[in-house]
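User: I am new to this structure and would like a close look at a single part of it. Please start from the strands and then set that part in its surroundings.

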Protein chains: 2
Amino acid sequence: MSMSNKYPGNDPAINVDEVARAAERLKPWANRTPVLTSRTLDARVGGSVYLKCENFQRIGAFKFRGAMNALLLLSETERSAGVVTHSSGNHAQALALAGRLLGVPVCVVMPRTAPTVKRAATEGYGARVVLCEPTLAAREEAVAKEVADHGYTVVHPFDNWSVIAGQGTVAWELLEEVGPLDVVVSPVGGGGLLAGTTLAVKGKSAVTRVVGVEPEAADDARRSMATGTIQPSGDPKTIADGLRTSLGERPFTVIRSGVDAIVTASEAEIVDAMRFVWERLKIIIEPSSAVTLAPILTRKLAVEGLRVGVIIGGGNVDLEPFFQALAVKWL
Amino acid sequence: MSMSNKYPGNDPAINVDEVARAAERLKPWANRTPVLTSRTLDARVGGSVYLKCENFQRIGAFKFRGAMNALLLLSETERSAGVVTHSSGNHAQALALAGRLLGVPVCVVMPRTAPTVKRAATEGYGARVVLCEPTLAAREEAVAKEVADHGYTVVHPFDNWSVIAGQGTVAWELLEEVGPLDVVVSPVGGGGLLAGTTLAVKGKSAVTRVVGVEPEAADDARRSMATGTIQPSGDPKTIADGLRTSLGERPFTVIRSGVDAIVTASEAEIVDAMRFVWERLKIIIEPSSAVTLAPILTRKLAVEGLRVGVIIGGGNVDLEPFFQALAVKWL
């Protein structure tokens, strides 16, 4: 891993000041999530690890920050007209809750193959869900139609500067709370969180390294960094469902110039890391969040003697199988 | 529920001062566990709920406090000779870790029917495990033999004043952190935690009510309070494995005089409460801890407009079935 400070580049349309403003803007709305430490974890890896726990964020994931920041930055006219996005994951519920809190109509385009529980949760926050065929073309067509019919503003899950600035407030709060760090580790899927993290970290402390982690099976960020152009990820099979998407253009302009390294984790390493956290730290994190701890636990990312920030993005996991089994045994 | 302050009685051999001293004594050793709050939980029950999270305690449960306090109070001679206890649960690991930290030899008598994973965990902390037949007589005989052979001091899991004082530091810290509360809710099995909680809470704030919760299927505390004498619980079938035991004599002297009410929770209510916490609060709590939240969620214990402290005793749950299923699907 290089120690050089490759950031700030000149490409991004925003910088750390926009993250700082987002942090202020979100204060009345987002949870200031706790930073957890663990003797067991530190003893195992030989460093001091600070877990910024966005699984305790509203809707159970960091996505609330970006969605809320985007809505707070809309004009009155835009807020009245409403917003549309496409997502079957945490961004859908994040935008739905943000819209409910601000009285902004929210429409979410979801593939008809999305789990009914995700649809119900999004509708539970008052959003209107529009189903489409599970193809990129069908999704874009559905979003375009909603925009044409209702005058909605599109709030992309990650390829949006307001969203990126909002996600950057996670690392901003982490540094505010624990002080200087040697390295900050973030998962990378579409790149919104990693880009926001990079803006926040490099803007506050140029010598702190930023590392992105992704599943081996969805290593588009690694390949994109190596080639200098976005390499799409196809339809990767990974338990880390939040990280299956390809890098967005706006996140990539930040990541390309500011991130020090991208490392990957195998499916087995992701599951092992998730189990370690559930069993030893007693918090529920989703596979897309376990990804960040995996290379630290396997020592692929060496942290001996270092102060390491790790972003735990969320804790939304389907627990039905576990409680089904409990019910069968006890009820 | 009565508002009267029935405590302090004259029976207990210790009072709140001993809890305060235990809190000071444990500072270098025990985690000061976080107090969590949840908008979702508060909105659902209409009160302000403060969860004192001992699932984040060392060995994953409050039992470390009592075991450690007991060992710290031994004389040098007693420490050199070592200690013995009987437990197949959290107390076994708690005493084993406390012994390792202080260099005190620890022997744990376990029924030979105890899960091998519990035995391995206890031995992992360096304790010597002695197996016996799963009967009260066999257990007492095994403990007596160890005492006779090695000169061990017995550290009972709950019928021991040093242990009770140690468990009382949970509520002590809670009140220190969040200030006055209307009611504090604790689980009750052998009674060590509830007795310690009662000493701490009534000693600090006589008007604060103390409520104990136990499974309907193991309602020995309710029956003991009603009759004024300890009513054993037989071999109750409940998912709350930490609460199957009957009340101890020492805890009962405190509980009888100081606790305002004992309420019960059905197995389905316990599982529902556990699922609510895992899904919405993203922390792993064991069934014996979910018990305390069950009557609050069902409104059997009304908390509208109240400030409520809830003791989450631990988070040691067998996650093997969940991760087995994940591995089958993804690895």
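How many bridges join strand 3 of chain A to strand 4 of chain A, and do these strands run parallel or antiparallel?

Analyst: The model is a predicted one. Four bridges join strand 3 (residues 83-86) of chain A to strand 4 (residues 106-111) of chain A, and the two strands run parallel. One of the bridge partners can be named: His86(A) is matched with Val109(A) in strand 4 of chain A.

These strands belong to an open sheet of four strands in chain A, in the order 5-4-3-6, with parallel pairing. At its edges are strand 5 (128-132) and strand 6 (153-154) of chain A, each of which pairs on one side only. In general, strands of a sheet pair through backbone hydrogen bonds, either parallel or antiparallel.

Next, the domains. The domain assignment of chain A gives domain 1 as 16-61 + 161-312 and domain 2 as 63-154. The centres of domain 1 and domain 2 of chain A, taken over C-alpha atoms, are separated by 25 Å. Contact between them involves 20 residues of domain 1 of chain A and 16 residues of domain 2 of chain A. On the domain 1 side of this contact, helix 1 (16-26) and helix 8 (161-178) of chain A each supply at least two residues. Helix 8 of chain A gives the most to that side, with eight residues. By type, the residues on the domain 1 side divide into ten nonpolar, seven polar and three charged.

Other strands of chain A can be described in a similar way. Strand 1 (residues 35-36) of chain A is joined to strand 2 of chain A by two bridges, and these strands run antiparallel. Here Leu36(A) has Leu51(A), in strand 2 of chain A, as its bridge partner. Strand 2 of chain A is also joined to strand 10 (residues 307-312) of chain A, by six bridges, and this pair runs parallel. Within that pair, the bridge partner of Ser48(A) is Arg307(A) in strand 10 of chain A. Five of the six residues of strand 2 (residues 48-53) of chain A are buried, so this strand is largely enclosed by the rest of the structure.

In chain B, six strands form an open sheet in the order 1-2-10-7-8-9, with mixed pairing. Strand 1 (35-36) and strand 9 (261-265) of chain B stand at the edges with a single partner strand each, so one side of each has no neighbour in the sheet. Further in, strand 7 (residues 183-187) and strand 8 (residues 209-215) of chain B run parallel and are joined by five bridges. Val185(B) has Val211(B), in strand 8 of chain B, as its bridge partner. Helix 8 (residues 161-178) of chain B lies across strands 1, 2, 7 and 10 of chain B, and runs at about 135° to strand 2 of chain B.

The last topic is how the chains meet. Chain A superposes on chain B by a rotation of 180° with 0.0 Å of shift along its axis, at an RMSD of 0.0 Å. The two copies are therefore related as by a two-fold rotation axis. In chain A, the C-alpha nearest the axis belongs to Ile283(A), 2.2 Å from it. Both copies use the same surface, as 100% of the contact residues of chain A recur in chain B.

Counted by residue, 24 residues of chain A are in contact with 24 residues of chain B. Helix 12 (267-281) and helix 14 (320-330) of chain A each supply at least two residues of the side of chain A that touches chain B. The largest share of that side, seven residues, comes from helix 14 of chain A. The residues of the side of chain A that touches chain B divide into 17 nonpolar, three polar and four charged.

One residue of helix 12 of chain A shows contacts in both chains: Trp278(A) lies in this helix and touches Ile284(A), Ile284(B) and Leu319(B), leaving aside residues up to four places away in sequence. Trp278(A) counts as buried because 21 C-beta neighbours lie inside 10 Å, where the cut-off is 20 or more. Trp278(A) and Ala290(A) are twelve residues apart in sequence, and their C-alpha atoms are 9.9 Å apart in space.

Notes
Residues numbered from 1 in each chain as written. Chains lettered and ligands numbered in written order. Predicted model: local features only at pLDDT ≥ 70, side-chain atom pairs only at ≥ 80, totals over all residues. Contact = placed C-beta atoms within 7 Å. Nonpolar A, V, L, I, M, F, W, Y, C, P; charged D, E, K, R; others polar. Pairing = 2+ DSSP bridges. Axes fitted to C-alpha atoms, helices over the stretch in contact; angles between N-to-C directions. Least-squares fit on C-alpha atoms with pLDDT ≥ 70 in both. Domains from an automatic or database assignment. Buried ≥ 20, exposed ≤ 12 C-beta atoms within 10 Å, placed from the backbone.
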